[in-house]
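Thanks for coming. I will go through two parts of one structure, so please keep the picture in view while I talk.

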Amino acid sequence: MKPGILQWKIGNRVVTTLNDGFNPASVDVVQGLSREEAIRIQRDAFRTDDPKITINLFLVESDKHPPVLIDTGMGFIGGETSGRLLSALEAVGVTPEEIGTVLLTHLHPDHCAGLTDGKGNAVFPNAEIVLEKIEHAFWTDNNNFKDAPDEFKGYVALTQGSLVPYKGRIRLFNGETEVVPKIWSVPLYGHTPGHTGYRISSEGTSVLIWGDIVQFQEIQSARPDTGLAFDVDSAKAVETRKDIMTKAASERLLVAGMHIDFPGFSFVRRTEGGFRLVPALWSDFA
Ligand SMILES: [Zn+2]
């Protein structure tokens, strides 16, 4: 499979969607919506009954600063359908050594496993890792998982292991702040405790990279009160999703998502009872 990449101009920044592949999923993880209704929405949108979760990562380049990578995908755990970040980066002409900063939206393995090669080595040897303090505190405290099933503890170990080779160059922030020049953190807590989006604003244009506001994009747009088993706090995730989708729809914001179908840039339109994602036209940002 050839790498999927697409470049967008946001003011004087170039934001490249790097497709990492996809994860096959199941409607069985849907919460607060019947299986029949979930499948009906999938079919109505010309999707397979069981969703495939697209994984996008975003590279932000400017003349003055080293490239910034937002999330790292599945990496060495990607199997046949994902873990394609490095070939996508190569297609852009950027080496892992050149990445100056990795911003993380949250610490689920489909976002952070790509930090290491699975043998304890950093994939981005010169990068500073930047993430929300609340998120880091949650996943690095084993007391939070002492009653969790073994399988989940395995995920936690994977997450913790992804940070190990970066010891001493992890920078934590809290709340809304300019994390690197022209990129602001946007708290979107719920899916995970410190789940965070990043707003890139340059010369009057901006995009909000909203992380995992949707994972099953058709189902969770049409029915924003739908949680997934992956949510740490489903009720809070629902509230956050409704708030940010309402804001995006009323302010006509350009958004981008790790799990919005490639190339991942979209607008949000209100519908009866929910929302619909309207893909952004690439030529408007060329
Ligand atoms: Zn995710």
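In strand 11, which residue is the bridge partner of Pro187? The partner is Thr196. Keep in mind that this is a predicted model.

Let us stay with this strand and look at both of its neighbours. Pro187 belongs to strand 10, which covers residues 183-187. Strand 10 and strand 11 are antiparallel, and five bridges pair them. Strand 12, residues 205-209, is also joined to strand 11 by five bridges, and those two strands run antiparallel as well. One pair to find on your screen is Tyr198, which stands opposite Ile209 of strand 12.

Strand 11 and strand 12 form a hairpin with two residues between the strands. In that hairpin, Glu203 has a positive phi, near 50°.

Is strand 11 mostly covered or mostly open? Mostly covered: of the seven residues in 196-202, six are buried.

Now the second part, helix 4, which spans residues 133-140. Its buried residues are Glu135, His136, Phe138 and Trp139. Why do these four count as being on the same side of the helix? Because the arc they cover around the axis is only 165°.

What do the buried residues pack against? They pack against strand 7 at 128-132, helix 5 at 150-163 and strand 8 at 170-173.

Last, the start of the helix. Glu132 caps the N-terminal end of helix 4. One of its side-chain oxygens lies 3.1 Å from the backbone nitrogen of Ile134.

That is all from me.

Notes:
Residues are numbered from 1 along each chain as its sequence is written. This is a predicted model: local features need pLDDT of at least 70, side-chain atom pairs count only at pLDDT 80 or more; totals for chains, interfaces and linings use all residues. Side-chain values use heavy atoms; hydrogens and water are left out. Buried means under 20% relative accessible area, exposed over 50%, partly exposed in between (1.4 Å probe, protein chains only). The arc is that of the directions from the helix axis to the C-beta atoms. Contact means heavy atoms within 4.5 Å. A polar contact is a pair of N or O atoms within 3.5 Å; within protein, one must be able to donate a hydrogen and the other to accept it, and residues adjacent in sequence count only if both atoms are side-chain atoms. Two strands pair if DSSP finds at least two bridges between them.
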